[in-house]
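Let us read a protein model together, one feature at a time. A learner asks, and a teacher replies.

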Amino acid sequence: ITMVSGHDVYRTEPTLRDLATKGLKKVDVMCPGFVSDCLETLEEIAYANGDVFRQHGGEAFSVVPCLNATPDGIRVLETVTRRELQGWV
């Protein structure tokens, strides 16, 4: 199953609860709107939503790391920033 959803605690938790109770055992979550991990991605999405999923029968909940998690991701951010700032700085 592939789903696209905006992050909203009122939709996310019920969706994960529903998927787990219907038998889905594994979920990978990606937050493309977040360039870097922050309290929201770590606490709310990774921990709280993972707990909800597992409490309702899910077995594996993982979060795909944001761009700041790897040297390649940082290089992408640097390249885009330098390109977009040309002529400004």
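## Reading the fold, step by step

A: Start at a single turn of the backbone. Gly-57 has a positive phi of about 110 degrees, just after α2. One caution before we go on: this is a predicted model.

Q: Which elements does the chain have, and in what order do they run from the N terminus?
A: Count first, then order. The chain has three helices and two strands. From the N terminus, the order is α-β-α-β-α.

Q: In what sense do β1 and β2 pair?
A: Look at the direction of each strand. Strand β1 covers residues 26-29, and its pairing with β2 is parallel, over four bridges. The path from β1 to β2 goes through α2, and this β-α-β crossover is right-handed.

Q: Which residues in β2 stand across from Val-27 and Asp-28?
A: Take them one by one. Val-27 faces Phe-61 in β2. Asp-28 has Ser-62 as its bridge partner.

Q: Where do the side chains along β1 point?
A: The general idea comes first. In a regular strand, side chains alternate between the two faces of the sheet. Now the case here. Val-27 and Val-29 point to one face, and both are buried. Lys-26 and Asp-28 point to the other face and are not buried.

Q: Which residues in α2 are buried?
A: The cut-off helps here: buried means under 20% relative accessible area. In α2, the buried residues are Thr-41, Ile-45, Ala-46, Asn-49, Gly-50, Val-52 and Phe-53.

Q: Is Gln-55 buried or exposed?
A: First place it. Gln-55 lies in helix α2, which spans residues 39-55. Exposed means over 50%. Gln-55 has 62% relative accessibility, so it counts as exposed. Its C-alpha atom is 8.5 Å from that of Ala-20, although the two residues are 35 apart along the chain.

Q: What share of the chain is buried?
A: Now step back to the whole chain. Of its 89 residues, 20% are buried. The accessible surface comes to about 6,600 Å², and 58% of that belongs to carbon and sulfur atoms.

Q: How should I read contacts between residues that lie apart in sequence?
A: Ask how far along the chain the partners sit. Take contacts between residues at least 6 apart in sequence: 66% of them join residues at least 24 apart.

Q: Where is Asn-68, and which residues does it touch?
A: Asn-68 sits in the loop between β2 (60-63) and α3. Leave out residues up to four places away in sequence. Asn-68 then touches Val-35, Ser-36, Asp-37 and Ile-74. The C-alpha atoms of Asn-68 and Asp-37 are 7.0 Å apart, and 31 residues separate the two along the chain. At 32% relative accessibility, Asn-68 is partly exposed.

Q: How many salt bridges are there?
A: The general idea is simple. Side chains of opposite charge can pair when their charged atoms come close. By the rule used here, the count is five.

Q: Which residue forms a salt bridge with Asp-18?
A: That is Lys-22, and the closest N and O atoms are 3.3 Å apart. Now check how open each residue is. Asp-18 is partly exposed, at 34% relative accessibility. Lys-22 is exposed, with a relative accessible area of 66%.

Q: Why are Glu-78 and Arg-82 separated by about one helical turn?
A: Count the positions. Glu-78 and Arg-82 are four residues apart in helix α3 (residues 71-85), so about one helical turn separates them. Their side chains meet in a salt bridge of 2.9 Å, N to O. Glu-78 is partly exposed at 37%, whereas Arg-82 is exposed at 57%.

Q: Which side chain meets Arg-83 in a salt bridge?
A: Look at Glu-84. The side chains of Arg-83 and Glu-84 meet at 3.0 Å, N to O. Glu-84 is partly exposed, at 48% relative accessibility.

Q: Which residues form a nonpolar patch on the surface?
A: Look for nonpolar side chains at the surface. Val-35, Leu-67, Val-76 and Val-80 form such a patch, with about 290 Å² of accessible area together. Take Val-76, one of the four. Val-76 lies in helix α3. Its relative accessible area is 43%, so Val-76 is partly exposed.

Key: Residues numbered from 1 in each chain as written. Predicted model: local features only at pLDDT ≥ 70, side-chain atom pairs only at ≥ 80, totals over all residues. Heavy atoms only, no water. Buried < 20%, exposed > 50% of the residue type's maximum accessible area, 1.4 Å probe, protein only. Contact = heavy atoms within 4.5 Å. Areas by Shrake-Rupley, 256 points an atom, 1.4 Å probe, with all protein chains shown as cover. Patch = residues over 30% accessible without salt bridge, like charges linked within 9 Å, V, L, I, M, F, W, Y side chains within 5 Å. Pairing = 2+ DSSP bridges. Right-handed = clockwise from strand over helix to strand, strands pointing away.
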